[in-house]
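Here is a short tour for someone opening this structure for the first time. Keep the sequence and the 3D view side by side as you read.

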Amino acid sequence: MISIAICDDDTIYLDQYDSILKKYFNANYINYEIIKFKSPDSLLFHLEDHPNRFHIYFIDIMMPKINGIETAKRIRKINPSSNII
């Protein structure tokens, strides 16, 4: 199973990415899970308890407090082999 985290502070984009990914995985019969996060803080907090849960991260660049680049750097420290988009 492929586990994906989507992090975006804008609900419209969060839902749009979720929909696109679901269509792709369903059309290709790929088993997946998608978990959406509205802030980098909530994603990083989740990773404290589940550091290796996600295979792929979709992260918005422009977010308040912690931007996407800083979030990606922190994810790399927790899980160096993760794929970040």
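The report below covers salt bridges, one helix face, one loop residue and a surface patch. The model is predicted.

**Salt bridges**

The count of salt bridges comes to 4. The table lists three pairs, among them two within helices.

| Pair | Closest N and O atoms |
|---|---|
| Asp18 and Lys22 | 3.1 Å |
| Glu33 and Arg53 | 3.0 Å |
| Glu70 and Arg74 | 3.3 Å |

Start with Asp18 and Lys22. They are 4 residues apart in helix α1, which separates them by about one helical turn. An α-helix has 3.6 residues a turn, so residues three or four places apart point the same way. Asp18 is buried, with a relative accessible area of 9%. Lys22 is partly exposed, at 33%.

Glu70 and Arg74 repeat the spacing in another helix. Both lie in α3, 4 residues apart, about one turn of the helix. Glu70 is partly exposed, with 31% relative accessibility. Arg74 is partly exposed too, and its relative accessible area is 36%.

Which parts does the salt bridge between Glu33 and Arg53 bring together? Glu33 lies in strand β2 and Arg53 in the loop between α2 and β3, so the pair ties together parts that are 20 residues apart in sequence. Strand β2 spans residues 32-37. Arg53 is partly exposed, with a relative accessible area of 28%. The side chains of Glu33 and Arg53 also count as a polar contact, at 3.0 Å. Beyond its neighbours within four places in sequence, Glu33 is in contact with Arg53 and with Met1, Ile2, Ser3 and Ile4.

**The buried side of α3**

Helix α3 covers residues 68-78. Which of its residues are buried? They are Gly68, Thr71, Ala72 and Ile75. These residues cover an arc of only 100° around the axis, so they sit on the same side of α3. Their cover includes α2 (40-49), β3 (56-59) and β4.

The start of this helix has a polar contact of its own. There, a side-chain oxygen of Asn67 comes within 3.0 Å of the backbone nitrogen of Ile69.

**Ser82, after the helix**

Follow the chain past α3. Ser82 is found in the loop between α3 and β4 (83-84). Is Ser82 buried or exposed? Its relative accessible area is 5%, so Ser82 is buried. A polar atom of the Ser82 side chain lies 2.9 Å from the backbone oxygen of Asn79. Leaving aside neighbours within four places in sequence, Ser82 is in contact with His55, Tyr57, Ile75 and Arg76. One of these, Ile75, is among the buried residues of α3.

**A nonpolar patch on the surface**

Now turn to the outside. Ile12, Tyr13, Tyr17 and Ile20 make a nonpolar surface patch of about 420 Å². Ile20 lies in helix α1, which runs over residues 11-27. How accessible is Ile20, exposed or buried? Ile20 is exposed, with a relative accessible area of 52%. Asp18, in the same helix α1 as Lys22, is buried at 9%.

**In brief**

Two places are worth finding again in the view. One is the salt bridge between Glu33 and Arg53, which joins strand β2 to the loop between α2 and β3. The other is the buried side of α3, with Gly68, Thr71, Ala72 and Ile75.

Conventions:
Residues numbered from 1 in each chain as written. Predicted model: local features only at pLDDT ≥ 70, side-chain atom pairs only at ≥ 80, totals over all residues. Heavy atoms only, no water. Buried < 20%, exposed > 50% of the residue type's maximum accessible area, 1.4 Å probe, protein only. Polar contact = N/O pair within 3.5 Å; in protein donor to acceptor, adjacent residues only side chain to side chain. Contact = heavy atoms within 4.5 Å. Patch = residues over 30% accessible without salt bridge, like charges linked within 9 Å, V, L, I, M, F, W, Y side chains within 5 Å. Areas by Shrake-Rupley, 256 points an atom, 1.4 Å probe, with all protein chains shown as cover. Salt bridge = Lys/Arg side-chain N within 4 Å of Asp/Glu carboxyl O. Arc of directions from axis to C-beta.
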